[in-house]
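Dear colleague,

Please find below the structure that I am handing over to you, followed by a short account of what was found in it.

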Amino acid sequence: MPDDGWPADRIDTENAHSARIYDYILGGKDYYPADREAGDAMSREWPALPVHMRANRDFMNRAVRWLAEEAGVRQFLDIGTGIPTSPNLHEIAQAVAPGSRVVYADNDPIVLTLSQGLLASAPEGRTSYIEADFRDPSAILDAPELRETLDLSRPVALTVIAIVHFMLDEDDAVGVVRRLLEPLPSGSYLAMSIGTAEFAPEEVGRVAREYAARNMPMRLRTLDEAHAFFEGLELVEPGIVQVHKWHPDGTGEKGIRDEDIAMYGAVARKP
């Protein structure tokens, strides 16, 4: 381990990784040749993939801004954070309310390596990072970083963006999300984007096969299956829709077709 404590020797540079593929397609710089090869192969199978990924990122930005501006949320728990890409969640929330507090959680060593970009909080607020696997909610909920940063007697927005499609049926993604929501008080929110193949089944199916060939199998969900994540919660209008249709503000890419998007998005309040 280097002197700065970053786990560079734990990063697998030989095999593609979903977070680095996402970073590459979004125009980032934190990827390796295997990720570039995978991203290029997937984009050949579905040329709309970059549009889809940018739309998902734009959804996250709008959802967090809505939660901070309209819902008045000042605490966020972000699961499956991924490689820092500005604006990061805390930058969006703290632009609205500088005192906002954010806990990031991810299990990818490269995210930990780059996590200094996630910890540059506004002086009035606070951010922290937990290295933990989404599949183990107790590792997140019991982490001292969470309890030191968030006040669980006050509302928290749980954000689960573009991750559950990498959770197979045996991982019980719905159960994991419910476990993370369980200790959050009334008035908390869940914001999610959920992978689907309902709008471009052949093209998205080919992309899923490219992921699976690199040991990243996917579980894409129908609209009915997406609803299962929000049972018992109060969906914010317009409900569960493709991410580019959730509170569009005119700042995203123009001319997006439904068949260009393979992600549902929604925000819901815990009563």
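N215, just after helix α9, takes a positive phi of about 65 degrees; helices are DSSP runs of H or I with at least four residues, numbered from the N terminus. The model is predicted, with local features needing pLDDT of at least 70 and side-chain atom pairs counting only at pLDDT 80 or more, while totals for chains, interfaces and linings use all residues. Residues are numbered from 1 along each chain as its sequence is written, and side-chain values use heavy atoms, leaving out hydrogens and water.

Helix α9 covers residues 201-213, and its end C-alpha atoms are 18 Å apart; this agrees with the expected 18 Å, because its 13 residues are taken at 1.5 Å a residue (1.5 Å times one less than the number of residues). Its buried residues are V204, G205, V207, A208, E210 and Y211, where buried means under 20% relative accessible area with a 1.4 Å probe, protein chains only. These residues pack against α1 (18-25), α2 (33-45) and α3 (49-69), with contact meaning heavy atoms within 4.5 Å.

V204 also helps to line the largest cavity, as do W46, F199 and E259, among others. A cavity is a set of points on a 1 Å grid over the protein atoms alone where a 1.4 Å probe fits but cannot get out, and lining residues have an atom within 4 Å of a point. The search of the whole structure finds one cavity of 30 Å³ or more, and the largest holds about 30 Å³ of space, a volume being the space filled by probe spheres set on the points.

Yours sincerely

Terms used. 1 Å grid on protein atoms, 1.4 Å probe; cavity = no way out; pocket = protein on both sides within 12 Å on 5 of 7 lines; lining within 4 Å. Helix = DSSP H or I, 4+ residues; strand = E, 2+ residues; numbered from the N terminus. Buried < 20%, exposed > 50% of the residue type's maximum accessible area, 1.4 Å probe, protein only.
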